[in-house]
Protein chains: 2
Amino acid sequence: MAVIGAGMSRFGELWNMSFRDIVISAGLEALEDANLEGREIEAMYVGNMSAGRFIAQEHVSALIADYSGLASINIPAIRVEAGDASGGVALKEAYIAVASGIHDIVIAAGVEKVTDVGSSSEIMDSSIDKEWEAFNGATLAGLFAMMARLHMHEYGSSEEDLARISVKNHKNAVNNPKAQFRREITVESVLNSPYVAEPLKVLDSAPISDGAAVLILASEDVARKYTDTPVFLDAVVQSSDYLALQNRRDILEMRAVKTATRKALKLAGCSLDDVGVFELHDSFTIAEMLLYENVGIAERGKGHEAIREGVVELGGSNPVNPSGGLKACGHAVGATGIRQAVEIVYQLRGDAGKRQVDAETGMAVNIGGTGATAVTSVFRR
Amino acid sequence: MAVIGAGMSRFGELWNMSFRDIVISAGLEALEDANLEGREIEAMYVGNMSAGRFIAQEHVSALIADYSGLASINIPAIRVEAGDASGGVALKEAYIAVASGIHDIVIAAGVEKVTDVGSSSEIMDSSIDKEWEAFNGATLAGLFAMMARLHMHEYGSSEEDLARISVKNHKNAVNNPKAQFRREITVESVLNSPYVAEPLKVLDSAPISDGAAVLILASEDVARKYTDTPVFLDAVVQSSDYLALQNRRDILEMRAVKTATRKALKLAGCSLDDVGVFELHDSFTIAEMLLYENVGIAERGKGHEAIREGVVELGGSNPVNPSGGLKACGHAVGATGIRQAVEIVYQLRGDAGKRQVDAETGMAVNIGGTGATAVTSVFRR
């Protein structure tokens, strides 16, 4: 399978753009990038977490088909939702639609417009178990804070280690023109920012952003008609874990991430050593650190060493989040999984400007909530 | 492709059951029906329109995987949403997942719990265009009312004709033990019920119901291990139309329905004459009447003749909604597309009791909102 086009809106507080403006702008950029007419699209998958609550609109797949003109050719348009893994799951469903031979050219999109409501944090918390977690006072930040506390207790990681992850991602975002926060921060500023849920602080937490990202997938035969240099999507695998943290035997083990990543590498026929660039889901800094361990960049209990030693920096052996990640590029919830994939595509095509990494193979890992859904994708140039 | 198991909860106001109870009960019935262990399931697709607003919970795919025990085997669980076509779209995605060869045994579920909030009508209206329709005062009922008015004006159909559709569906539901309204009504009682949006009345309108329905799909090779008498799912096709009624050239032509139905019949290798039993989306009586025309049971402008002449009655040549349809079996929104399919499966297996129709082939048509999404599926025994 090949990626023949990629596009994204700027991420941030897009006060002058509505939901439909945001997603259409990203879609047009992807179509231009692919040098494609809209009418060549055969199906559209849209990742979106909560348009129902953010903009009081369900059925957004039909809305986007309508406003992009694609309803005129009656293509199937499908919204998929899995908390902040919605984008990753949309990519996986689009992948299956092409891999099955049912469609040749398919859009995988993700979009969220969150700044029109004041209750976005409470809405974000609807990706955890409302009856058994949220009802008892837990929040997404609070659950990740428990994971951080346990890691610190068991393995000696520190608030400074987590702060370093945030600092790295901000540094990378400076060179990403689509990023929400294009400014460096320091470990001190992170440590001095207010607690959200101790030990996690405001600057350990991804913002909630407006934004959209779009990939165009095609079978390899068809892709050759449009480009001589496609990026190949060798695998997208989704797995699940218990939604409620209390049901997991070990809250530092992200079983969905492990399963999805192991299967994706096997499908792609490569090992983690072959992967030269990563986009890992850093809704909180602790999430990124746990992903080092659960993806396999670091051993269990040694995630903090990867950031201390610079392994995951742009010049390191396993650069993570060259885009700035969710923390600094922004976290437009349902768009994030696609946005991560767009960055990997830019990196593998050599289109990443000053944040360019030299890599043949890239990986994106998108999770929902505290990891009940995980999607791992492997791209190759 | 084969259906090896089917199950559903009762539809109605299920005050004593939560979202998770409802879907798990339907799932267990389907697993028992298939004589299958949960661990044999490889993926789960869930149609759900608006858990975010009905129960303040997104990420319901992970919730269901968790509470069904399937998170222990890390299967991918995907929620799809397309207004009240969510169930149909879930069926289609599950179909593709098996047809692609990626999975052998997959669950297609639909579920909605609506009675925990007081604003369910406003939430239902989020399947139409909020900015361009609802904001200007339109409701789902109001838009269907315009379609009804135009049909009456152009073709001479009447409020009595629409009432007859409701009477038929109530009559059928008497023999459906899972139905919400198991009582006959009369044309007079429909005509005397209050207007919702003239000319549509309360008794022209489907209720909003709690409920869940589940199908288990398998490749034909695998199906033979579980049953000697599978029902075959020969085609599921989804199409789109403009979301906003104002963007359609002809509001009585349901282009998504026509396209999906034509393609589904072609894929299934049969004609409409071969189809002996139908479940058609009757969110309002006018929707069912327009489906007669757009599916092809009646010619354009002659939908009302099909009900006047009894063609669509249980003893007629094209029986429609033996289950009682959305009107009388109930309309658990995201569950409806799967619930329709469950009825067709029961009919083709000869398990429909006193509402049994003698048919070799059956069709279900599920639409979202005023028809911006349509899914047509064709089953065969």
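A salt bridge here is a side-chain nitrogen of Lys or Arg within 4 Å of a carboxyl oxygen of Asp or Glu. Keep that cut-off in mind for the first view, and remember that the whole model is predicted.

**View 1. A salt bridge across the two chains, Arg79(A) to Glu81(B).** Arg79(A) and Glu81(B) put their closest N and O atoms 3.0 Å apart, and that falls under the 4 Å limit, so the pair counts as a salt bridge. If you go hunting for others, the tally between chain A and chain B is six. Polar contacts across the same two chains come to 40 residue pairs, with both partners at pLDDT 80 or more.

**View 2. Strand 3 of chain A meets strand 3 of chain B.** Here the two strands run antiparallel, and three bridges join them. On the chain B side, strand 3 covers residues 77–81. Look across from Glu81(A) and you'll find Arg79(B), its opposite number in strand 3 of chain B.

**View 3. The contact between chain A and chain B, zoomed out a little.** Each chain brings 60 residues to it. About 4600 Å² gets buried between the two, and carbon and sulfur atoms give 45% of that. In chain A, the residues that lose the most area to chain B are Glu58(A), His59(A) and Asn74(A), which together make up 15% of what that side buries.

**View 4. Which pieces of chain A do the touching?** At least two residues each come from helix 2 (51–54), helix 3 (60–67), strand 3 (77–81), helix 4 (86–99), strand 8 (231–240) and helix 10 (255–268). Helix 3 of chain A gives the most, with seven residues. Sort the residues on this side of chain A by type and you get 27 nonpolar, 20 polar and 13 charged.

**View 5. An odd backbone spot at Ala56(A).** Ala56(A) isn't a glycine, yet its phi is positive, at about 60°. You'll find Ala56(A) in the loop between helix 2 and helix 3 of chain A.

**View 6. A cis peptide bond in each chain, at Pro199(A) and Pro199(B).** In chain A, the bond from Glu198(A) to Pro199(A) is cis, with omega near 10°. Glu198(B) and Pro199(B) are joined by a cis bond too, with omega about 5°. Where do these prolines sit? Pro199(A) is in the loop between strand 5 (195–197) and strand 6 (200–201) of chain A, and Pro199(B) is in the loop between strand 5 (195–197) and strand 6 (200–201) of chain B.

**View 7. The two annotated domains of chain A, according to UniProt.** An unreviewed UniProt entry lists residues 2–221 as "domain: Thiolase N-terminal". That span is 39% helix and 17% strand, and its end C-alpha atoms lie 9 Å apart. "Domain: Thiolase C-terminal", again from an unreviewed entry, is placed at residues 239–380. Residues 239–380 are 35% helix and 15% strand, with the end C-alpha atoms 22 Å apart.

Technical notes. Residues numbered from 1 in each chain as written. Chains lettered and ligands numbered in written order. Predicted model: local features only at pLDDT ≥ 70, side-chain atom pairs only at ≥ 80, totals over all residues. Heavy atoms only, no water. Contact = heavy atoms within 4.5 Å. Buried area = accessible area lost by both parts, 1.4 Å probe. Polar contact = N/O pair within 3.5 Å; in protein donor to acceptor, adjacent residues only side chain to side chain. Helix = DSSP H or I, 4+ residues; strand = E, 2+ residues; numbered from the N terminus. Nonpolar A, V, L, I, M, F, W, Y, C, P; charged D, E, K, R; others polar. Pairing = 2+ DSSP bridges. UniProt positions renumbered as here; feature names shortened; annotations may be inferred.
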